[in-house]
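Biologist: Hi! I'm new to this one, so could you walk me through it?
Modeller: Happy to. Let's put it on screen and start with the pockets.

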Amino acid sequence: MAIRQIAKMGHPVLRKKAAPVDDPTDPDIARLAADMQDTLEWIGAAGIAAPQVYDSRRVVVYRILADRIPSGVALEPLPWTAMVNPEITPLSDEVGLIWERCLSLPGLHGKVPRYKRIEIAYRTLEGESHKREVEDWHAMLLQHECDHLDGILYPMRMTDLSYLAFNAEPGVLAKEAETTPDLDMALRAMVEAWPAREKWLAT
Ligand code: NI
(Lines give C-alpha, C1' and ligand atoms only; values in the text may rest on other atoms or scores of the structure.)
Protein backbone atom coordinates (compact mmCIF):
# COMPACT_ATOMS: atom_id res chain seq x y z
CA MET A 1 0.00 0.00 0.00
CA ALA A 2 1.19 3.46 -0.80
CA ILE A 3 0.21 7.06 -1.19
CA ARG A 4 0.19 8.05 -4.85
CA GLN A 5 0.66 11.37 -6.62
CA ILE A 6 -2.43 13.07 -8.01
CA ALA A 7 -2.59 14.00 -11.69
CA LYS A 8 -3.61 17.64 -12.23
CA MET A 9 -5.80 19.13 -14.97
CA GLY A 10 -3.79 19.30 -18.17
CA HIS A 11 -2.16 15.88 -17.82
CA PRO A 12 -3.21 13.63 -20.75
CA VAL A 13 -4.17 10.75 -18.43
CA LEU A 14 -7.15 12.84 -17.25
CA ARG A 15 -8.41 13.31 -20.84
CA LYS A 16 -8.27 9.63 -21.78
CA LYS A 17 -11.09 7.11 -21.70
CA ALA A 18 -9.98 4.55 -19.11
CA ALA A 19 -9.86 0.85 -20.02
CA PRO A 20 -12.37 -1.66 -18.62
CA VAL A 21 -10.96 -4.13 -16.08
CA ASP A 22 -11.18 -7.73 -17.32
CA ASP A 23 -10.80 -9.39 -13.94
CA PRO A 24 -11.94 -7.35 -10.90
CA THR A 25 -10.41 -10.00 -8.58
CA ASP A 26 -6.91 -9.50 -10.03
CA PRO A 27 -4.60 -8.74 -7.05
CA ASP A 28 -3.19 -5.84 -9.05
CA ILE A 29 -6.62 -4.16 -8.96
CA ALA A 30 -6.86 -4.76 -5.19
CA ARG A 31 -3.44 -3.10 -4.82
CA LEU A 32 -4.54 -0.15 -6.93
CA ALA A 33 -7.75 0.28 -4.89
CA ALA A 34 -5.77 0.04 -1.62
CA ASP A 35 -3.36 2.71 -2.82
CA MET A 36 -6.28 4.95 -3.86
CA GLN A 37 -7.78 4.52 -0.38
CA ASP A 38 -4.43 5.32 1.29
CA THR A 39 -4.12 8.40 -0.88
CA LEU A 40 -7.61 9.63 0.08
CA GLU A 41 -6.96 8.91 3.78
CA TRP A 42 -3.78 10.94 3.60
CA ILE A 43 -5.49 13.91 1.94
CA GLY A 44 -8.69 13.55 3.97
CA ALA A 45 -10.83 13.41 0.82
CA ALA A 46 -13.92 11.41 -0.14
CA GLY A 47 -13.49 10.00 -3.64
CA ILE A 48 -10.99 9.33 -6.40
CA ALA A 49 -10.84 7.65 -9.79
CA ALA A 50 -7.84 5.61 -10.98
CA PRO A 51 -6.84 8.03 -13.79
CA GLN A 52 -6.23 10.61 -11.06
CA VAL A 53 -3.35 8.42 -9.82
CA TYR A 54 -2.05 7.98 -13.40
CA ASP A 55 -3.67 4.55 -13.87
CA SER A 56 -6.05 4.53 -16.83
CA ARG A 57 -8.36 1.70 -15.70
CA ARG A 58 -12.02 1.87 -14.67
CA VAL A 59 -11.76 1.88 -10.88
CA VAL A 60 -13.32 4.32 -8.40
CA VAL A 61 -12.85 4.39 -4.62
CA TYR A 62 -14.97 6.52 -2.31
CA ARG A 63 -16.52 6.86 1.11
CA ILE A 64 -19.14 9.07 2.69
CA LEU A 65 -17.83 10.78 5.80
CA ALA A 66 -20.36 11.75 8.46
CA ASP A 67 -18.92 15.26 8.77
CA ARG A 68 -19.20 15.94 5.02
CA ILE A 69 -22.89 15.07 4.60
CA PRO A 70 -24.86 18.27 3.89
CA SER A 71 -27.16 19.15 6.78
CA GLY A 72 -30.24 19.02 4.52
CA VAL A 73 -29.48 15.56 3.13
CA ALA A 74 -30.78 12.32 4.68
CA LEU A 75 -27.81 10.06 4.10
CA GLU A 76 -25.89 7.55 6.18
CA PRO A 77 -22.08 7.54 6.21
CA LEU A 78 -20.67 4.87 3.91
CA PRO A 79 -17.48 2.89 4.53
CA TRP A 80 -14.80 2.58 1.86
CA THR A 81 -16.31 1.29 -1.37
CA ALA A 82 -14.26 0.20 -4.38
CA MET A 83 -16.12 0.05 -7.69
CA VAL A 84 -14.72 -1.72 -10.73
CA ASN A 85 -16.19 -0.90 -14.17
CA PRO A 86 -18.95 1.30 -12.69
CA GLU A 87 -21.79 2.28 -15.01
CA ILE A 88 -24.29 5.02 -14.33
CA THR A 89 -27.84 5.15 -15.67
CA PRO A 90 -29.93 8.25 -14.93
CA LEU A 91 -33.31 7.30 -13.44
CA SER A 92 -34.96 10.56 -14.48
CA ASP A 93 -34.18 13.61 -16.59
CA GLU A 94 -34.21 15.80 -13.49
CA VAL A 95 -30.97 17.75 -13.18
CA GLY A 96 -29.77 19.88 -10.27
CA LEU A 97 -26.86 22.27 -9.90
CA ILE A 98 -24.39 21.26 -7.23
CA TRP A 99 -21.11 22.71 -5.92
CA GLU A 100 -18.08 20.50 -6.47
CA ARG A 101 -14.33 20.37 -6.01
CA CYS A 102 -11.78 17.97 -7.46
CA LEU A 103 -8.33 16.80 -6.32
CA SER A 104 -7.11 17.26 -9.89
CA LEU A 105 -8.13 20.96 -9.86
CA PRO A 106 -6.66 22.07 -6.56
CA GLY A 107 -7.81 25.45 -5.27
CA LEU A 108 -11.01 25.63 -7.36
CA HIS A 109 -14.72 24.95 -6.97
CA GLY A 110 -17.65 25.21 -9.35
CA LYS A 111 -21.37 24.64 -9.74
CA VAL A 112 -22.15 21.71 -11.99
CA PRO A 113 -25.38 20.27 -13.46
CA ARG A 114 -25.88 16.63 -12.39
CA TYR A 115 -28.68 14.07 -12.61
CA LYS A 116 -30.54 13.94 -9.33
CA ARG A 117 -31.38 10.21 -9.39
CA ILE A 118 -29.17 7.51 -10.84
CA GLU A 119 -28.56 3.81 -10.72
CA ILE A 120 -24.97 2.65 -10.50
CA ALA A 121 -23.88 -0.87 -11.43
CA TYR A 122 -20.37 -2.10 -10.68
CA ARG A 123 -18.23 -5.10 -9.77
CA THR A 124 -16.63 -5.44 -6.35
CA LEU A 125 -13.01 -6.47 -5.76
CA GLU A 126 -14.44 -9.93 -4.98
CA GLY A 127 -16.01 -10.03 -8.43
CA GLU A 128 -19.63 -9.63 -7.28
CA SER A 129 -22.05 -7.56 -9.32
CA HIS A 130 -23.74 -4.78 -7.34
CA LYS A 131 -26.44 -2.30 -8.23
CA ARG A 132 -27.53 0.64 -6.15
CA GLU A 133 -29.94 3.54 -6.57
CA VAL A 134 -28.66 6.84 -5.26
CA GLU A 135 -29.80 10.43 -5.34
CA ASP A 136 -28.86 14.06 -4.80
CA TRP A 137 -25.45 14.71 -3.27
CA HIS A 138 -24.43 11.04 -3.31
CA ALA A 139 -25.46 10.79 -6.98
CA MET A 140 -23.42 13.90 -7.78
CA LEU A 141 -20.32 12.42 -6.14
CA LEU A 142 -20.59 9.24 -8.22
CA GLN A 143 -21.23 11.13 -11.47
CA HIS A 144 -18.15 13.25 -10.74
CA GLU A 145 -15.92 10.21 -10.08
CA CYS A 146 -17.22 8.16 -13.02
CA ASP A 147 -16.75 11.13 -15.37
CA HIS A 148 -13.00 10.82 -14.66
CA LEU A 149 -13.12 7.36 -16.29
CA ASP A 150 -14.31 9.01 -19.50
CA GLY A 151 -11.76 11.82 -19.47
CA ILE A 152 -14.24 14.43 -18.21
CA LEU A 153 -13.42 17.02 -15.53
CA TYR A 154 -16.20 18.98 -13.84
CA PRO A 155 -15.60 22.33 -15.63
CA MET A 156 -16.31 20.45 -18.88
CA ARG A 157 -19.85 19.81 -17.52
CA MET A 158 -20.45 23.38 -16.39
CA THR A 159 -22.98 25.44 -18.34
CA ASP A 160 -22.13 28.75 -16.63
CA LEU A 161 -18.44 29.38 -15.98
CA SER A 162 -19.20 32.41 -13.81
CA TYR A 163 -19.76 29.73 -11.15
CA LEU A 164 -16.11 28.64 -11.29
CA ALA A 165 -14.02 30.23 -8.52
CA PHE A 166 -10.93 29.96 -6.37
CA ASN A 167 -11.37 28.41 -2.92
CA ALA A 168 -9.58 31.48 -1.55
CA GLU A 169 -12.41 33.71 -2.90
CA PRO A 170 -15.69 31.79 -2.54
CA GLY A 171 -17.84 34.88 -3.09
CA VAL A 172 -20.58 33.36 -5.25
CA LEU A 173 -20.73 30.28 -3.09
CA ALA A 174 -20.87 32.40 0.07
CA LYS A 175 -23.83 34.33 -1.36
CA GLU A 176 -25.71 31.09 -1.98
CA ALA A 177 -24.57 29.10 1.06
CA GLU A 178 -27.45 30.23 3.28
CA THR A 179 -30.06 29.05 0.80
CA THR A 180 -28.32 25.82 -0.27
CA PRO A 181 -29.31 23.01 2.10
CA ASP A 182 -27.41 20.31 0.19
CA LEU A 183 -24.04 22.04 0.46
CA ASP A 184 -21.09 19.80 1.30
CA MET A 185 -20.01 20.61 4.87
CA ALA A 186 -16.40 21.05 3.78
CA LEU A 187 -17.53 23.78 1.35
CA ARG A 188 -19.64 25.36 4.07
CA ALA A 189 -16.55 25.50 6.31
CA MET A 190 -14.62 27.12 3.45
CA VAL A 191 -17.25 29.87 3.20
CA GLU A 192 -17.27 30.43 6.93
CA ALA A 193 -13.49 30.90 6.89
CA TRP A 194 -13.60 33.43 4.02
CA PRO A 195 -12.17 36.68 5.41
CA ALA A 196 -14.02 38.94 2.93
CA ARG A 197 -17.41 37.50 3.83
CA GLU A 198 -18.61 40.26 6.19
CA LYS A 199 -17.46 43.13 3.98
CA TRP A 200 -18.99 41.91 0.70
CA LEU A 201 -22.08 40.15 1.88
CA ALA A 202 -23.21 42.53 4.61
CA THR A 203 -25.92 44.16 2.50
NI1 NI B 1 -12.45 14.74 -9.31
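Modeller: The second largest pocket holds about 340 Å³ of space. Keep in mind that this is a predicted model.

Biologist: Which residues are closest to the centre of that second largest pocket?
Modeller: Ile-88, Tyr-115, Gln-143, Asp-147 and Arg-157, out of 15 that line the second largest pocket.

Biologist: And which element gives the largest share of its lining?
Modeller: Strand 3, with four residues. Strand 5 (108–115) and helix 2 each supply at least two residues as well.

Biologist: How many of those lining residues are charged?
Modeller: Six are charged, alongside eight nonpolar and one polar.

Biologist: OK, what about the largest pocket, what volume does it have?
Modeller: About 440 Å³. The largest pocket is lined by 26 residues, and among those nearest its centre are Arg-101, Cys-102 and Leu-103.

Biologist: Which element gives the largest share there?
Modeller: Helix 2, which contributes six residues to the lining of the largest pocket. By class, that lining splits into 14 nonpolar, seven polar and five charged residues.

Biologist: Switching topic: which residues are the protein donors of the nickel ion?
Modeller: Cys-102 through SG, plus His-144 and His-148, each through NE2. They lie 2.1 to 2.3 Å from the nickel ion, and their spacing in sequence is C-x41-H-x3-H.

Biologist: Where do the two histidines lie?
Modeller: Both are in helix 2 (residues 136–148), four residues apart, or about one turn of the helix.

Biologist: Are His-144 and His-148 buried or exposed?
Modeller: His-144 and His-148 are both buried.

Terms used
Residues numbered from 1 in each chain as written. Predicted model: local features only at pLDDT ≥ 70, side-chain atom pairs only at ≥ 80, totals over all residues. Heavy atoms only, no water. Donors = N, O, S within 2.8 Å, 3.2 Å for Na, K, Ca; no water. Buried < 20%, exposed > 50% of the residue type's maximum accessible area, 1.4 Å probe, protein only. 1 Å grid on protein atoms, 1.4 Å probe; cavity = no way out; pocket = protein on both sides within 12 Å on 5 of 7 lines; lining within 4 Å. Points joined across faces, edges and corners; volume = space filled by probe spheres on them. Nonpolar A, V, L, I, M, F, W, Y, C, P; charged D, E, K, R; others polar.
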